[in-house]
Amino acid sequence: MQIASPGSGIASVAPPKGAPRVVERCRALVANPAFDLAITAVILINAAVLGLETFESVVAGYHGMFSVAYDVILAIYVVEILIRFTAAGWNVRTYVADKWNIFDFLVVAASFIPWLRQSALLLRLVRVLRIVRIVRFLPDLRVIMGAVGRSVPGVASLAVATALMVFLYGMLGWVLFANHDPEHYGNIGQAMLTMFVMLTLENLPDNIAMGQEVSQWTIVFFVSYAVTMSFLIFNLFIGIVLGSMEEARAVDRAQHETDDLLERLRSARAALEEAERELQRSHRDDRASSG
């Protein structure tokens, strides 16, 4: 029977017969909020060390200390992974059921790749990725990350539509202003870049003034672009993100309800097992007294 421990991120299974006490202790440790707080503190220390390493004066004075600090932090991460794997009953399928466990393992395991450790740039990138692990310990941030993932298909479709509109307006801009303003509209690439920057409305007044030198009717071109792209497209983008956020929150609420139900089932199972042991002891005592 599989029972999930709330907050542990694992769908636990019955502990192995060889070492049930170790598995149960690791499972209780992972479920303890203090464990998450301790790992969060280590991640923050890791971030602080990375930040200090950007100061040349600090690196010059304590260069050896940084290597020691990184090794100690890496050792703590390895121990954490071993604890979580043990809490999963040494079952790979159970361990990888939580995608954050997969991410943690890949980020930590990358630090042991020989050719990567020889590259200072790649090793620093891996160390920076370790900071991202803090997301798993912040529930609200996990919801936001889930919303970002769910919004990717809608945002991708909107991005394609936006690129198409930028291309169309870029072509019109090239036709209208290539001779008058070749610096910004001399070819389709420059025209599209100009229209892309105009999404922020930063260069809109300058472009309107330039267009009026050609014709007063060019105002229609720029106003229609501003209304269509800067207002309509951005509002659609916000709508997609908000919709994805609601879906992510609904999934998170359902997950918490499932965890609560499984916790009650686990408590009921423990109570039934205790009652069964009491009945067996009572039965043995009755047989002994009758004998």
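This is a walk through a predicted model, stop by stop, with something to select at each one.

**The whole chain**

Start with everything in cartoon view. You have 13 helices and 2 strands to look at. Colour by accessibility if you like: 30% of the 291 residues count as buried. As for how the chain meets itself, residues 24 or more positions apart account for 64% of the contacts with a separation of 6 or more.

**Stop 1: H2 against H8**

Select residues 33-52 for helix H2 and residues 120-131 for helix H8. The two pack at an angle of about 140 degrees, and their axes are 9 Å apart. Their crossing is left-handed.

Now turn on side chains. From H2, show Ile 43, Asn 46, Ala 47 and Leu 50; the residues they meet in H8 are Arg 127, Val 128, Arg 130 and Ile 131. Sorted by class, that contact holds 5 nonpolar residues, 1 polar and 2 charged.

**Stop 2: H4 against H6**

Next, select residues 63-87, which is helix H4, together with residues 99-110, which is helix H6. Here the packing angle is about 145 degrees and the axes lie 10 Å apart. H4 goes past H6 in a left-handed crossing.

For the side chains, pick Leu 74, Tyr 77, Val 78, Glu 80, Ile 81 and Arg 84 on the H4 side, then Asn 101, Asp 104, Phe 105 and Val 108 on the H6 side. The contact of H4 with H6 divides into 6 nonpolar, 1 polar and 3 charged residues.

Keep Tyr 77 on screen and add Arg 133. What is Arg 133 doing at the ring of Tyr 77? Arg 133 lies over the face of that ring, 4.7 Å from the ring centre.

**Stop 3: Tyr 95 and its surroundings**

Move on to Tyr 95, in helix H5. Is Tyr 95 buried or exposed? Tyr 95 has a relative accessible area of 6%, so it counts as buried.

What surrounds it? Setting aside neighbours within four places in sequence, Tyr 95 touches Ile 81, Arg 84, Phe 85, Ala 88, Asn 101 and Phe 105. Measure one of these yourself: Tyr 95 and Arg 84 are 11 residues apart in sequence, with 7.6 Å from C-alpha to C-alpha.

Then look at the rings. The whole structure has 8 aromatic pairs. One of them is Phe 85 with Tyr 95, an edge-to-face pair with 5.5 Å centre to centre and 85 degrees between the planes. That pair links distant parts of the chain, with Phe 85 in helix H4 and Tyr 95 in helix H5 (residues 92-96), 10 residues apart. Unlike buried Tyr 95, Phe 85 is partly exposed, at 24% relative accessible area.

**Stop 4: the ring cluster**

Select Tyr 169 and Tyr 225 next. Their ring centres are 4.9 Å apart and their planes sit at 65 degrees, so this pair is edge-to-face. Tyr 169 is in helix H9 (residues 139-177) and Tyr 225 in helix H13 (residues 218-290), so the pair ties together parts 56 residues apart in sequence. Both tyrosines are buried.

Widen the selection to Tyr 169, Phe 177, Tyr 185, Phe 221, Phe 222 and Tyr 225. Ring pairs link these residues into a cluster.

Stay with H9 and pick Gly 146, which lies in that helix. Gly 146 is partly exposed, at 27% relative accessibility. Draw a distance to Met 245: the two are 99 residues apart in sequence, yet their C-alpha atoms are 7.7 Å apart.

**Stop 5: two positive phi values**

Finish in the loops. Most residues other than glycine have a negative phi, which gives the last two selections their interest.

- Trp 90: look in the loop between H4 and H5. Its phi is positive, about 55 degrees, although it is not a glycine. At 38% relative accessibility, Trp 90 is partly exposed.
- Leu 201: go to the loop between helix H11 (188-197) and helix H12 (204-214). Leu 201 also has a positive phi, of about 65 degrees, and is not a glycine. Its relative accessible area is 30%, so Leu 201 counts as partly exposed.

Note on methods:
Residues are numbered from 1 along each chain as its sequence is written. This is a predicted model: local features need pLDDT of at least 70, side-chain atom pairs count only at pLDDT 80 or more; totals for chains, interfaces and linings use all residues. Side-chain values use heavy atoms; hydrogens and water are left out. Axes are lines fitted to C-alpha atoms, for helices over the stretch in contact, and angles run from 0 to 180 degrees between N-to-C directions. Helices (H or I, at least four residues) and strands (E, at least two) are DSSP runs, numbered from the N terminus. A crossing is left-handed if the near helix is turned anticlockwise from the far one by less than a right angle, and right-handed if clockwise. Contact means heavy atoms within 4.5 Å. Ala, Val, Leu, Ile, Met, Phe, Trp, Tyr, Cys and Pro count as nonpolar, Asp, Glu, Lys and Arg as charged, and the others, Gly among them, as polar. Rings of Phe, Tyr and Trp (its six-membered ring) pair if their centres lie within 6.5 Å; planes under 30 degrees apart count as stacked, over 60 as edge-to-face and the rest as tilted. Buried means under 20% relative accessible area, exposed over 50%, partly exposed in between (1.4 Å probe, protein chains only). A charge sits over a ring if NZ of Lys or CZ of Arg is within 6 Å of the ring centre and within 35 degrees of the ring normal.
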